[in-house]
Amino acid sequence: MKQSDMYIHLKGLKIFAFHGVLPQENKIGAEYTLNLRLKTDFSQASQTDDLNYTINYAEVFEAVKEEMKIPSQLLEHVIQRIAGRLFHDFPQITEIKIALFKQNPPMGAECQETGVESIYTKD
């Protein structure tokens, strides 16, 4: 038996942060929801039951939290920064799909969330 296309998912991560173009967004902050799909080879971990052969998702979350603490105007910039950090900290990742959503955005309309999504691959 052979495994292929292996992914680790972190879905619905909730983080409070201060991103946005409007001044009040940088003062008041907002809740964000983040979804990650990390492509990596964890075949050895699935065979050995050893954390050393996979990616520790708690460490991934800590890296994401640190990047979310850095205020940015654009969510596009935030996800690019998060992807770069994850590729750096976890070199075994070969692809990242990331989606970031701002809850209740201040746009003068009733809207549950707005966001961005991108897929990044290792150079």
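This is a short walk through a few local features of a predicted model, from one helix out to some single residues.

**Helix H3 and its surroundings**

Let's start with helix H3, which covers residues 57–68. With twelve residues at 1.5 Å a residue, H3 should span 16 Å, and its end C-alpha atoms are indeed 16 Å apart. The residues buried in H3 are Val 60, Ala 63, Val 64, Glu 67 and Met 68. Look down the axis of H3 and these buried residues fall within an arc of 135°, so they line one face of the helix. That fits a general rule: an α-helix has 3.6 residues a turn, so residues three or four places apart point the same way.

What sits on top of that face? The cover over the buried residues of H3 includes strands S1 (7–17), S2 and S3 (95–103), along with helix H4 (75–89). At the N-terminal end, H3 is capped by Asn 56, with a side-chain oxygen 2.9 Å from the backbone nitrogen of Ala 58.

**Thr 33 in strand S2**

Strand S2 runs over residues 30–39 and contains Thr 33. Is Thr 33 buried or exposed? Its relative accessibility is 9%, under the 20% cut-off, so Thr 33 counts as buried. Leaving aside residues up to four places away in sequence, Thr 33 touches Gly 12, Leu 13, Lys 14, Ala 99, Leu 100, Phe 101 and Gln 103. With Gln 103 there is also a polar contact, side chain to side chain, at 3.0 Å.

**Aromatic rings**

The model has one aromatic pair. Phe 16 and Phe 18 have ring centres 5.6 Å apart and planes at 85°, so the pair is edge-to-face. Phe 16 is exposed at 52% relative accessibility, while Phe 18 is partly exposed at 31%. Another ring, that of Tyr 7, has Arg 37 lying over its face, 4.3 Å from the ring centre.

**Two residues with positive phi**

Most residues other than glycine have a negative phi, and most peptide bonds are trans. Against that background, here are two aspartates with positive values.

| Residue | Phi | Location | Relative accessible area |
|---|---|---|---|
| Asp 5 | near 45° | segment before S1 | 51%, exposed |
| Asp 49 | near 65° | loop between H2 (43–48) and H3 | 75%, exposed |

So where does Asp 49 lie? Asp 49 is in the loop that leads from helix H2 to H3, the helix with Asn 56 as its N-terminal cap.

How values were computed
Residues numbered from 1 in each chain as written. Predicted model: local features only at pLDDT ≥ 70, side-chain atom pairs only at ≥ 80, totals over all residues. Heavy atoms only, no water. Phe/Tyr/Trp six-rings, centres within 6.5 Å; stacked < 30°, edge-to-face > 60°. Buried < 20%, exposed > 50% of the residue type's maximum accessible area, 1.4 Å probe, protein only. Lys NZ or Arg CZ within 6 Å of the ring centre and 35° of its normal. Helix = DSSP H or I, 4+ residues; strand = E, 2+ residues; numbered from the N terminus. Polar contact = N/O pair within 3.5 Å; in protein donor to acceptor, adjacent residues only side chain to side chain. Contact = heavy atoms within 4.5 Å. Expected span 1.5 Å × (residues − 1). Arc of directions from axis to C-beta.
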